[in-house]
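Biologist: I'm new to this one. Could you pull it up and walk me through it?

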Amino acid sequence: MAIRKVWIITAWFANYEEMGYTSPSEEFHADTYEEAERMRDELLQDPIYENVTIEDEPEERDFY
């Protein structure tokens, strides 16, 4: 197990209930803010997402 600080990216589904998802969003992570911005831009190109946010500060997360 390793603890790392990562940027959290949350992608919000446009119509999650209609699409059969149980959650209104999906979470991703990136090691750098620049990587998080690139991921946000890529995710926004996908029509299943209506919004993508990046947390203001990196968070510590456990990775196995």
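**Around I9**

Modeller: Sure, and keep in mind that this is a predicted model. Let's start with I9: leaving out residues up to four places away in sequence, I9 touches E26, E27, F28, H29, A30, A36, M39, L43, V52, T53 and I54.

Biologist: Is I9 buried or exposed?

Modeller: Anything under 20% relative accessible area counts as buried. I9 has 0% relative accessibility, so I9 is buried.

Biologist: Which strand gives the most to the largest nonpolar core?

Modeller: That core has ten residues: W7, I9, A11, F13, A30, A36, L43, Y49, V52 and I54. Strand 1, helix 2 (33–44) and strand 3 (49–54) each supply at least two of them. With four residues, the one giving the most is strand 1.

Biologist: Which residues does L43 touch, not counting residues up to four places away in sequence?

Modeller: L43 belongs to the ten-residue core. Skipping residues up to four places away in sequence, its contacts are I9, A11, F28, Y49 and V52.

Biologist: And T10, is T10 buried or exposed?

Modeller: T10 sits in strand 1, and apart from neighbours within four places in sequence it contacts S25, E26, N51, V52 and T53. The cut-off for buried is under 20% relative accessible area. T10 has 10%, so T10 is buried.

Biologist: One last thing: what distance separates the C-alpha atoms of I9 and D41?

Modeller: I9 is in strand 1, which covers residues 2–13. I9 and D41 are 32 residues apart along the chain, and their C-alpha atoms are separated by 11 Å.

Conventions:
Residues are numbered from 1 along each chain as its sequence is written. This is a predicted model: local features need pLDDT of at least 70, side-chain atom pairs count only at pLDDT 80 or more; totals for chains, interfaces and linings use all residues. Side-chain values use heavy atoms; hydrogens and water are left out. Helices (H or I, at least four residues) and strands (E, at least two) are DSSP runs, numbered from the N terminus. Buried means under 20% relative accessible area, exposed over 50%, partly exposed in between (1.4 Å probe, protein chains only). Contact means heavy atoms within 4.5 Å. A nonpolar core is a set of buried Ala, Val, Leu, Ile, Met, Phe, Trp, Tyr and Cys residues joined through side-chain atoms within 4.5 Å.
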